[in-house]
Amino acid sequence: MFDGGRTYGAVIIGAGVVGCAVARELSRYDIKTAVIEKEPDVGWGTSCRNSGVLHSGINYRPGTRRAALSVSGNAMMDAVCSDLGVSLRRTGKLTIALDENDLPGLEKQYEQGKANGVPGMELLDNEAMRRIQPGVEGILGLWTPTSAIISPYGLTIALAENARENGVDFYLSNEVTSIRKNSSGVFEIITRDGATNGQNTVKTIALVNSAGLYSDAMSRMLGVDEGVIYPCRGEYFILDRRLEGELRTLLYPVPGPNDPGLGIHLTLTVDGNILIGPSADYIPGDRREDYSTTAPVLYVLRREGQRLLPSLGASDYIRNFSGNRPKQTPPEIGGNADFTIEETRVSGFIRLQGIESPGLTSAPAIAAEVRGMVARHMELREKENFVPRRAGLNRRFADMPNGEKIELSRACPDYGEIICRCENVTKKEVRDAIENPLGARTLKGIKYRSRAMMGRCQSGFCLPRIMRMLREDYGYRGKYVPGLTERLDIPL
Ligand SMILES: Cc1cc2nc3c(=O)[nH]c(=O)nc-3n(C[C@H](O)[C@H](O)[C@H](O)COP(=O)(O)OP(=O)(O)OC[C@H]3O[C@@H](n4cnc5c(N)ncnc54)[C@H](O)[C@@H]3O)c2cc1C
């Protein structure tokens, strides 16, 4: 059935956290799988632009996909993260009723949580809440101990790299421009190849549409017209690590019935920063990748941040960013529709549409469901040589005990040279990021893999050193152009 070339058992369009989770899941089986991604690396869509929270499942209507998959996805994450060396912290979360008006909403969250099987929930009065988060305001809180934080792009990269190590092909910088099903029932996908400016044709028996904000456009290419994506932007501030320790858990307000998001909240990141956000504002459908941040929204975020964490000073805000939710409900309706996860009337075409929050949490559970759908079209035999653990160190050098650091630096002197002073990233870690198994060659890819360029100085110290490494050790001849270089492949 397969010609050993560009014909696959399964092809996934979109290398976000969901597409990469599906790829890794299918890489356990003896079929050929490929991922097609328009960007030069994985995880550059919504998957690197969110709160990075593993939700417990209290926010979703019982009986929905979002409810079931967030609870099961959350429970699967410890094993996934341990295999892939991705940090996960079970911080827990407090959803807080600030006054009597919030109580019915909080009660609803509690009842939903019970119906969805969320483990360990507790209702806490203010005194009990303050034992978890000193100084917190509010009259009643819902404590969910399974809520957790994770690096969303770290997880996406780890899933993709492990899938690659298990034989999945990645076509990066390849934008799908048309799809048809030929008379033999095989999908033919045409891509625009950003590296060669040419075209590629990739064929497959099963096709998974995991294209996030463009999933409706992919479906339309095969005449599946149901469902339109309405982008809804969420803006954030990132706060300096100086404040690490001020926030011990995640603090969320009670969401209103038609809120398109979960309300502006304070969350920790696994790297010790605090995020304030996200806002929720619909933007026009033809600007779905417009990731601007806007002065009026940032003003509101500052005000909310000050209210929730009064010790915040002007110099604590280090940068801002935004992410766009792929909503299936238009602005006049608001709220949230359920995930669409189905095999369409075009046999073999699997549609993952409207995977907004909690898509990050649900990714491994969605992947297991997609595996079941693919299995209707071909036999999936488990590989004997599947390697669940990702190759490499899988821990940050900065987090190791001194004895281990000394040993590693003796064995490999590149561990003894710090390239990024803000984040304590060594030359060896930057080198590993450049030499990643996906062959992704961008500054942003180095940043997401190593954390170099992410600290307080925002690359002022380390960027010249990284550019020197690229020139001297890898033969890169390009010039750094701010805002442009990260969009280009770095030819090695
Ligand atoms: C503000 C915000 C906060 C959120 N917070 C959370 C949270 O705390 N917890 C949680 O669980 N979830 C959260 N989410 C939701 C979560 O981020 C998403 O559900 C998840 O990232 C979706 O992943 P994905 O793989 O479906 O989509 P994406 O990450 O968008 O991936 C889709 C990929 O398809 C590619 N693509 C598109 N068109 C083409 C084409 N023509 N050819 C090839 N490739 C193409 C894109 O480049 C992209 O890489 C949040 C979302 C937002 C916006």
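**Close-up 1. Strands S10, S11 and S12, joined by two hairpins.** In this predicted model, Glu188 stands opposite Lys203 in S12. That pair belongs to the ladder between S11 and strand S12 (residues 198–209), which run antiparallel and are joined by seven bridges. The hairpin of S11 and S12 has four residues between the strands, and there Asn197 takes a positive phi near 60°. Now look at the other neighbour of S11. Strand S10 (residues 174–181) runs antiparallel to strand S11 (residues 187–193), and seven bridges join them. To find your place in this ladder, start at Val176: its bridge partner in S11 is Thr191. Five residues sit between the strands in the hairpin of S10 and S11, and one to look for is Gly185, with a positive phi near 80°.

**Close-up 2. Strand S16 and the two strands it pairs with.** Strand S16 covers residues 274–277. In a regular strand, side chains alternate between the two faces of the sheet. Here, Ile274 and Ile276 point one way, while Leu275 and Gly277 point the other way. Are these residues buried or exposed? All of them are buried. One pairing is with strand S15 (residues 265–268), antiparallel and over four bridges. Within it, Leu266 has Ile276 of S16 as its bridge partner. The hairpin of S15 and S16 has five residues between the strands, and Gly272 takes a positive phi near 95° there. Strand S13 (residues 230–239) also pairs with S16 in the antiparallel sense, this time over three bridges. For a landmark, pick Leu239, whose bridge partner in S16 is Ile274.

**Close-up 3. A little three-strand story: the open sheet S3-S8-S4.** This open sheet has three strands in the order S3-S8-S4, with antiparallel pairing. Which strands are at the edges? They are strand S3 (53–54) and strand S4 (88–89), and each pairs on one side only. Strand S8 (residues 148–150) and S4 run antiparallel, joined by two bridges. Check out Arg89 here: its bridge partner in S8 is Ile149.

**Close-up 4. Thr144 and its surroundings.** Thr144 lies in strand S7, which spans residues 140–144. Why does Thr144 count as buried? Because 28 C-beta neighbours lie inside 10 Å, and 20 or more is enough for a residue to be buried. Leaving aside residues up to four places away in sequence, Thr144 touches Ser56, Ile58, Gly92, Lys93, Gly113, Val118 and Met121. For a sense of scale, try Ser315: Thr144 and Ser315 are 171 residues apart in sequence and 32 Å apart in space, C-alpha to C-alpha.

**Close-up 5. Helices H1 and H8 crossing.** Helix H1 (residues 17–26) and helix H8 (residues 359–374) have axes that come within 8 Å and cross at roughly 45°. The two helices are therefore oblique to each other. As for handedness, H1 passes H8 in a right-handed crossing. On the H1 side, the residues to pick out are Val17, Val18, Ala21, Val22, Glu25 and Leu26. They meet Gly359, Leu360, Ala363, Pro364, Ile366, Ala367, Ala368, Val370, Arg371 and Val374 in H8. Sorted by class, the contact of H1 with H8 has 13 nonpolar, one polar and two charged residues.

**Close-up 6. Helix H10 and what covers it.** Helix H10 (residues 427–434) is mostly covered, with six of its eight residues buried. Which ones are buried? Lys427, Lys428, Glu429, Val430, Ala433 and Ile434. These buried residues pack against strand S21 (418–420), strand S22 (425–426), helix H11 (443–450) and helix H12 (462–474).

**Close-up 7. Zooming in on H10 against H11.** H10 and H11 pack at an angle of about 125°, and their axes are 8 Å apart. That angle makes H10 oblique to H11. H10 passes H11 in a right-handed crossing. From H10, the contact uses Glu429, Val430, Ala433 and Ile434, and from H11 it uses Gly445, Ile446, Arg449 and Ser450. By class, the contact of H10 with H11 has four nonpolar, two polar and two charged residues.

Conventions:
Residues numbered from 1 in each chain as written. Predicted model: local features only at pLDDT ≥ 70, side-chain atom pairs only at ≥ 80, totals over all residues. Buried ≥ 20, exposed ≤ 12 C-beta atoms within 10 Å, placed from the backbone. Contact = placed C-beta atoms within 7 Å. Axes fitted to C-alpha atoms, helices over the stretch in contact; angles between N-to-C directions. Parallel < 35°, antiparallel > 145°, perpendicular 65-115°, else oblique. Left-handed = near helix turned anticlockwise from the far one by under 90°. Nonpolar A, V, L, I, M, F, W, Y, C, P; charged D, E, K, R; others polar. Pairing = 2+ DSSP bridges.
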